[in-house]
Amino acid sequence: MNRLEQTIKMAQAGLYVYPIIPNGKQPIKNYSYLKATKDIELIESWFRQEPDINIGINLSKSNLIVVDIDNHNNDLNTPLESLKNLGYKLPSDYVELTQSGGLHYYFRSNKPVKPTRKTKFIAGVDLLSDFVVSSPSNNYRVLNGATLSDIPEVPNWILKALDN
C-alpha cells in the first residue's frame with residue numbers, strides 16, 4: 001500500500017489529517033492542524049501537488065492521544081523506566097518509530113479530547129492531544145505490523161495528566 005492509500009485509509013478510519021512539508025514537521029503553506037480533514041478528494045490533491053508530503057494528524061478531532069518518548073542521547077530506556085517506576089503503564093500495541101528515533105504510543109479516547117501539549121510531563125516524555133506527525137510520513141513507521149484497529153483505549157493516568 002502506498003502512502004496516499006495509507007493516508008486515505010486513515011481518513012476512512014475517522015482520523016483527521018493534514019499535509020506537512022516533505023521530511024519536516026511544519027504544515028505546508030496555508031494549512032495547519034486546525035484544517036485537518038477526512039476529505040479524500042482533498043487528500044488526493046495534496047499528493048498530486050507534492051507526492052513526498054509528510055502527514056499530520058489532528059489528535060483532538062480524531063479522539064487520539066499520543067505519548068511521545070524522546071530519544072535524547074540515543075536513550076529510550078530512561079524515560080520508559082521513569083514511567084514504569086512512577087506506576088505509569090503504556091499498554092499500546094500501536095507504536096510508531098519517529099524520524100529522530102523516538103517512539104509514539106497511540107491511544108483512543110471515547111470522550112472528546114481537548115487539544116493539549118504537555119511537554120516534559122517527565123524527562124523525555126511528552127503527552128500530546130493536539131497534533132502529531134505520523135506514519136506514513138517519511139522516516140516514520142508503525143512497529144510490529146500494528147494497524148489502526150490496534151489502538152487501545154487511553155489509560156486514566158494519561159487523561160488526568162492532560163487535565164492538570
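Tutor: A residue counts as buried when its relative accessible area is under 20%, as exposed when it is over 50%, and as partly exposed in between. The model discussed here is a predicted one.

Student: Is D130 buried or exposed?

Tutor: The relative accessible area of D130 is 8%. The cut-off for burial is under 20%, so D130 is classed as buried.

Student: Which residue does D130 meet in a salt bridge, and how are the two placed along the chain?

Tutor: D130 lies in the loop between β7 and β8, while its partner is in strand β6, so the pair ties together parts that are 13 residues apart in sequence. That partner is partly exposed, with a relative accessible area of 35%. The side chains meet at 2.9 Å, N to O, and the partner is R117.

Student: Which residue in β7 is the bridge partner of R117?

Tutor: Strands β6 and β7 pair in the antiparallel sense over 3 bridges. The β7 residue bridged to R117 is L128.

Student: How many salt bridges does the structure hold, and which residues form the one with an N to O distance of 3.9 Å?

Tutor: The structure holds 2 salt bridges. The one at 3.9 Å links distant parts of the chain, from the loop between β5 and β6 to helix α4, 49 residues apart. One partner is exposed at 55% relative accessibility, and the other is exposed at 56%. The residues are K114 and D163.

Student: Where do the buried residues of α4 lie, and which are they?

Tutor: Helix α4 spans residues 156–163, with W157, I158, A161 and L162 as its buried residues. Seen down the axis, these residues fall within an arc of 135 degrees, so they line one face of the helix. Their cover includes β3, α3, β5, β6 and β7. The buried face thus belongs to W157, I158, A161 and L162.

Student: Which exposed residues does the face of α4 turned away from its buried side carry?

Tutor: D163, already met in the salt bridge with K114, is one of the exposed residues on that face. The full set is N156, K160 and D163.

Student: Which side chain of opposite charge is nearest to D70, and how far away is it?

Tutor: D70 is found in the loop between β3 and α3. The residues it touches include D75, P79 and D126. D70 is buried yet has no salt bridge, which requires a distance within 4 Å. The nearest side chain of opposite charge is K120, at 6.9 Å.

Student: Which strands stand at the edges of the sheet of 6 strands?

Tutor: The open antiparallel sheet has the order β6-β7-β3-β5-β4-β9. Each edge strand has a single partner strand, so one side of each is left without a neighbour in the sheet. The edge strands are β6 and β9.

Student: What angle does the direction of α3 make with that of β6?

Tutor: Helix α3 packs on this sheet, where it touches β3, β5, β6 and β7. The angle between the direction of α3 and that of β6 is about 85 degrees.

Student: What angle does helix α1 make with β2 in the sheet of 3 strands?

Tutor: This open antiparallel sheet has the order β1-β2-β8, and its twist averages 35 degrees from one strand to the next. Strand β2 is joined to β8 by 4 bridges, with G56 bridged to V133. Helix α1 packs on the sheet, touching β1, β2 and β8. Its direction makes with that of β2 an angle of about 5 degrees.

Conventions. Residues numbered from 1 in each chain as written. Predicted model: local features only at pLDDT ≥ 70, side-chain atom pairs only at ≥ 80, totals over all residues. Heavy atoms only, no water. Buried < 20%, exposed > 50% of the residue type's maximum accessible area, 1.4 Å probe, protein only. Arc of directions from axis to C-beta. Contact = heavy atoms within 4.5 Å. Lys, Arg positive; Asp, Glu negative; His and termini not counted. Pairing = 2+ DSSP bridges. Axes fitted to C-alpha atoms, helices over the stretch in contact; angles between N-to-C directions. Lists of a residue's contacts leave out its neighbours within four places in sequence.
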